[in-house]
Amino acid sequence: MPQRPSPAEDLALWTAVDRYFGTRVGDSDATLEAALRESAAAGLPAIQVSPLQGKLLHLLARACGARRILEIGTLGGYSAIWLARALPPDGRLVTLEIEPRHAEVARANLARAGLADRVEIRIGPALESLECLAAEHGPPFDLTFIDADKSSYPEYLVGAVRLSRPGALIVADNVVRRGDVVAPPSDDASVAGIRRMADRLATDPRLSATVVQTVGVKGYDGFALALVLEAPSASAT
Ligand code: SAH
Ligand code: DHB
Ligand code: MG
């Protein structure tokens, strides 16, 4: 029996395959590379989506014809650049970030990408920003990317649904976490948040969802994708 590859061998292979397809379809460029460089130079953690994952978000946004996009968890604006580039010139990305230092780096990266006019960074706890957005009664969002603290994912999902148009797509990052989601019960607040979100995806009649497990340069993880359905009719509630 051939030996199973070690975790280090797995990651090396997944990284090589990410690099291979990155050079074929990845579309990274000097602006995105500069955003990564500036984020690293500012000491931000390198936990942004991978280039191919960024391209996936970009393509999903274009496939949705998204004109208004919501992001929860900005970091240095790397995923925001991918998403905002999918918008028409009069489109808008609203991205929520709790760390002023992260928002500052993101602002510079988005400005360098020529996207400052299309992107609004809201600094503060995302739950509070979501409340403000709801109170403002602005136009609904076509796409939401959830990528902040995992412990609040279920609340972010509820907030995103409330701000979405029927037919909108909601994408959540890091729902697999090396398989931790099915590991024995633990007191890990992130795992608990992902599980509570999964329970909500299972039971919310306004959502139809799936999960895509992923491997690559970021290891083993996954995305949840949920479609916001028409509001259930009065007779069905
Ligand atoms: N989407 C980014 C990565 C986001 S990392 C990318 O792929 O490029 C997660 C971010 O969420 C961090 O910047 C962190 O500061 C932020 N965050 C954590 N808790 C938050 C909260 N309660 N409200 C808003 N942002 C939060
Ligand atoms: C972490 C957060 C993320 O959003 C991610 O994609 C990877 C790691 C983290 O907090 O460790
Ligand atoms: Mg993430």
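This passage describes how three ligands are held in a predicted protein model. Because the model is predicted, local features need pLDDT of at least 70 and side-chain atom pairs count only at pLDDT 80 or more, while totals for chains, interfaces and linings use all residues. Residues are numbered from 1 along each chain as its sequence is written, chains are lettered from A and ligands numbered from 1 in the order in which they are written, and side-chain values use heavy atoms, with hydrogens and water left out.

A good place to start is ligand 1. Around ligand 1 there are 21 residues (near means that a heavy atom of the residue lies within 4 Å of the molecule), and those that come nearest are Gly 73, Glu 97, His 102, Ala 126 and Asp 147. By class, this shell holds 10 nonpolar, six polar and five charged residues. Polar contacts (pairs of N or O atoms within 3.5 Å) reach oxygen atoms of ligand 1 from both backbone and side chain. A backbone N or O atom lies 2.9 Å away in the case of Val 49 and 3.3 Å away in the case of Leu 75, whereas Glu 97 offers a polar side-chain atom at 2.6 Å. On its own, ligand 1 has 590 Å² of accessible area (Shrake-Rupley method, 1.4 Å probe), and the protein covers 89% of it.

The largest pocket is where ligand 1 sits. Here a pocket is an open set of points on a 1 Å grid over the protein atoms alone, with protein on both sides within 12 Å along at least five of seven lines, and a molecule sits in it if more than half of its atoms lie within 2 Å of its grid points. The space taken by ligand 2 is likewise the largest pocket.

Turning to ligand 2, its surroundings are Ile 47, Asp 147, Lys 150, Asp 173, Asn 174 and Lys 218, a shell with one nonpolar, one polar and four charged residues. Oxygen atoms of ligand 2 lie 2.8 Å from a side-chain N or O atom of Asp 147, 2.9 Å from a polar side-chain atom of Lys 150 and 2.7 Å from one of Asn 174. Taken alone, ligand 2 exposes 300 Å², of which the protein buries 66%.

Ligand 3 is a magnesium ion, coordinated at 2.0 to 2.1 Å by Asp 147 (OD), Asp 173 (OD) and Asn 174 (OD1). Donors are N, O and S atoms within 2.8 Å of the metal (3.2 Å for Na, K and Ca), and water is not among the atoms, so sites may look incomplete. Along the sequence, the donor residues follow the spacing D-x25-D-N. Both Asp 173 and Asn 174 are buried (under 20% relative accessible area).

Key. Polar contact = N/O pair within 3.5 Å; in protein donor to acceptor, adjacent residues only side chain to side chain. 1 Å grid on protein atoms, 1.4 Å probe; cavity = no way out; pocket = protein on both sides within 12 Å on 5 of 7 lines; lining within 4 Å. Nonpolar A, V, L, I, M, F, W, Y, C, P; charged D, E, K, R; others polar. Buried < 20%, exposed > 50% of the residue type's maximum accessible area, 1.4 Å probe, protein only.
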